[in-house]
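Q: I have a model open in my viewer and would like to learn how to read it. Could we go through it together, one feature at a time?

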Amino acid sequence: MSVRILVRLGVLGAILAGCAGDEDIDGFSPAEWDVLRTLSPLGAPPPDTTNKYADDPKAAVLGQRFFFEKRFSGPIVVGN
């Protein structure tokens, strides 16, 4: 999580903890709703220009085959 999101969540938590009482039917006061409306989604991340195979269907099929290949999986070995 980014620092910006953590700060906003911290502010929201502080507001929610300090605003007991003056609640609407849904549990949030008008002031709390004002704060919640400022926490909009961040949107889609920018495209990854470093992955030249991202949109290659053949690469997707190969990746799926690797993912489901049982010979590549096994028990987790901890220590010797």
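Q: Let me start with one side chain. Is W33 buried, partly exposed or exposed, and why?

A: Happy to help, and please keep in mind that this is a predicted model. W33 counts as partly exposed because its relative accessible area is 29%, and buried would mean under 20%.

Q: Which aromatic residue does W33 pair with, and how do I describe the pair?

A: Here is the general idea: a pair of aromatic rings is described by the distance of the centres and the angle of the planes. In this structure, a search of the whole model finds three aromatic pairs. One of them joins F28 and W33, with 5.2 Å from centre to centre and 70° between the planes, an edge-to-face arrangement. F28 is partly exposed too, because its relative accessibility is 25%.

Q: What is the geometry of the pair formed by F66 and F72?

A: That pair is tilted: the ring centres are 5.7 Å apart and the planes make an angle of 55°. The angle falls short of the edge-to-face class, because that class needs planes over 60 degrees apart.

Q: How accessible are these two rings, F66 and F72?

A: F66 is partly exposed, as its relative accessible area is 47%. F72 has 60% and therefore counts as exposed, the cut-off being over 50%. As for its place in the chain, F72 sits in the segment that follows α3, the helix of residues 57-68.

Q: Which residues make the nonpolar surface patch?

A: L62, F66 and F72 make it, and the patch covers about 350 Å². So you meet F66 and F72 twice: in the patch and in the tilted pair.

Q: Let's move on to charges. How many salt bridges does a search of the whole structure find?

A: In general, side chains of opposite charge can pair when their charged atoms come close. Here the search finds two salt bridges. One links D34 with R37, whose closest N and O atoms are 3.4 Å apart. The other links E69 with R71, and there the closest N and O atoms are 2.7 Å apart.

Q: Why are D34 and R37 separated by about one helical turn?

A: The general rule is that an α-helix has 3.6 residues a turn, so residues three or four places apart point the same way. D34 and R37 lie three residues apart in helix α2 (residues 30-38), which means about one helical turn between them.

Q: How accessible are the partners in these bridges, D34, R37, E69 and R71?

A: D34 is partly exposed at 49%, while R37 counts as exposed because its value is 59%. In the other bridge, E69 is partly exposed with 25% relative accessibility, and R71 is exposed with 73%.

Q: How long is α3, and what caps its N-terminal end?

A: α3 has twelve residues and spans 17 Å from its first C-alpha to its last, close to the 16 Å expected at 1.5 Å a residue. D56 provides the cap: one of its side-chain oxygens lies 3.0 Å from the backbone nitrogen of K58. The helix is hardly covered, with a count of zero buried residues among its twelve.

Q: To finish, what does the whole chain look like in terms of helices and strands?

A: The protein chain has three helices and zero strands, giving the pattern α-α-α along the sequence. Of its 80 residues, 5% count as buried. The chain exposes about 7400 Å², and carbon and sulfur atoms supply 63% of that area.

Definitions and conventions: Residues are numbered from 1 along each chain as its sequence is written. Side-chain values use heavy atoms; hydrogens and water are left out. Patches are made of residues with over 30% relative accessible area and no salt bridge: like charges are joined within 9 Å, nonpolar side chains (Val, Leu, Ile, Met, Phe, Trp, Tyr) within 5 Å. Accessible areas come from the Shrake-Rupley method with a 1.4 Å probe; for residues, only the protein chains shown count as cover. A salt bridge is a side-chain nitrogen of Lys or Arg within 4 Å of a carboxyl oxygen of Asp or Glu. Helices (H or I, at least four residues) and strands (E, at least two) are DSSP runs, numbered from the N terminus. Rings of Phe, Tyr and Trp (its six-membered ring) pair if their centres lie within 6.5 Å; planes under 30 degrees apart count as stacked, over 60 as edge-to-face and the rest as tilted. Buried means under 20% relative accessible area, exposed over 50%, partly exposed in between (1.4 Å probe, protein chains only). The expected span of a helix is 1.5 Å times one less than its number of residues. A polar contact is a pair of N or O atoms within 3.5 Å; within protein, one must be able to donate a hydrogen and the other to accept it, and residues adjacent in sequence count only if both atoms are side-chain atoms.
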